[in-house]
Every structure is written in C-alpha cells, then in structure tokens.
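Thanks, everyone. I have one structure for you this morning. Let me put it on the screen.

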Amino acid sequence: MRPTKYVEKRSDLTLLKETFELTGATCHRTRLKCGCEVRQGADNNRDGVLVVKYDTVVLEIIRCKGCAKKRP
Ligand SMILES: [Zn+2]
C-alpha cells in the first residue's frame, strides 16, 4: 500500500501540497476514500492530495479529522 498522511484542516492540505511542489513533485487535488470506519449510510470520500513524482503516486494526503488524531 502506498503511504498515506492524514491532516485535519484544509489549510494543512494546501500547505503540504505547496511544500511537495517545491521539491519538484506534482500534486493533484482530488477526492480520496478514507479507510476508516464511518457511520452507516455515509460515504467516506474526503478532500485529498495525490503527490506524484516520476509518474508514480508517492504519497496520499487525506483530510480526515479522526485519522489525523489517531495517526498524525
Ligand atoms: Zn479517516
């Protein structure tokens, strides 16, 4: 599985995106499914960023409050 990083705030997402872009990576804002448990009936699509380097996704960043607290 590719590495995933969890953040709590939209601004953290933007900050990380900009940081990785400075290292030469390409970042794409997208909706990503978080692997954590959700209330029944709710989907678990979240704001995310894919960090791409050399045509490979090297990191997924997902904005999920619960996961950010559990696995910072
Ligand atoms: Zn989650």
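I will go from the overall fold to the sheet, then the helix, the core and one loop.

First, a caveat. This is a predicted model. Please keep that in mind throughout.

Let's start with the inventory. The protein has two helices and four strands. Read from the N terminus, the elements go β-α-β-β-β-α. The radius of gyration is 12 Å, and the globule rule gives 11 Å for 72 residues, so the protein is as compact as a globular protein of that length. Along the principal axes, the C-alpha atoms fill a box of roughly 40 × 20 × 20 Å. Now burial. Of the 72 residues, 15% are buried. And the contacts? Take those between residues at least 6 apart in sequence: 51% of them join residues at least 24 apart.

Next, the sheet. In what order do the four strands lie? The order is β1-β4-β3-β2, in an open sheet with mixed pairing. That puts β1 and β2, residues 26-33, at the edges, each pairing on one side only. From one strand to the next, the twist averages 30°. Look at β3 and β4. They pair in the antiparallel sense, over six bridges. As a landmark on that pair, find Lys53, which stands opposite Thr56 in β4.

Now the helix, α1. This one covers residues 10-22 and lies across β1, β2, β3 and β4. Its direction is at about 10° to β3. With 13 residues, α1 reaches 19 Å from first C-alpha to last, close to the 18 Å expected at 1.5 Å a residue. How many of the 13 residues in α1 are buried? Just one, so to speak of α1 as hardly covered is fair. After α1 comes Gly24, with a positive phi near 100°.

On to the core. Which residues make up the largest nonpolar core? There are nine: Tyr6, Val7, Leu13, Cys27, Val49, Val51, Ile61, Ile62 and Cys64. Three strands each supply at least two of these residues: β1 (4-7), β3 (45-53) and β4 (56-63). Pick out Ile62 in that set. Leave aside residues up to four places away in sequence. Ile62 then touches Thr4, Tyr6, Leu32, Cys34, Arg46, Gly48 and Cys67. One of those partners, Tyr6, is itself a core residue.

Last stop, the loop between β3 and β4. Tyr54 sits there, and Asp55 does too. Some background on the backbone: most residues other than glycine have a negative phi. Tyr54 goes the other way, with a positive phi of about 50°. Asp55 also has a positive phi, near 65°. Are these two residues buried or exposed? Count the C-beta atoms around each. Tyr54 has 8 others within 10 Å, and is exposed. Asp55 has 6 others within 10 Å, and is exposed as well. The cut-off for exposed is 12 or fewer.

To recap. We have an open, mixed four-strand sheet, with α1 lying across its strands. The largest nonpolar core holds nine residues. And the loop between β3 and β4 carries Tyr54, a residue with positive phi that is not a glycine.

That's it from me. Over to you.

How values were computed
Residues numbered from 1 in each chain as written. Predicted model: local features only at pLDDT ≥ 70, side-chain atom pairs only at ≥ 80, totals over all residues. Core = buried A, V, L, I, M, F, W, Y, C linked by C-beta atoms within 7 Å. Buried ≥ 20, exposed ≤ 12 C-beta atoms within 10 Å, placed from the backbone. Contact = placed C-beta atoms within 7 Å. Pairing = 2+ DSSP bridges. Axes fitted to C-alpha atoms, helices over the stretch in contact; angles between N-to-C directions. Rg over C-alpha atoms; globule rule 2.2 N^0.38 Å. Expected span 1.5 Å × (residues − 1).
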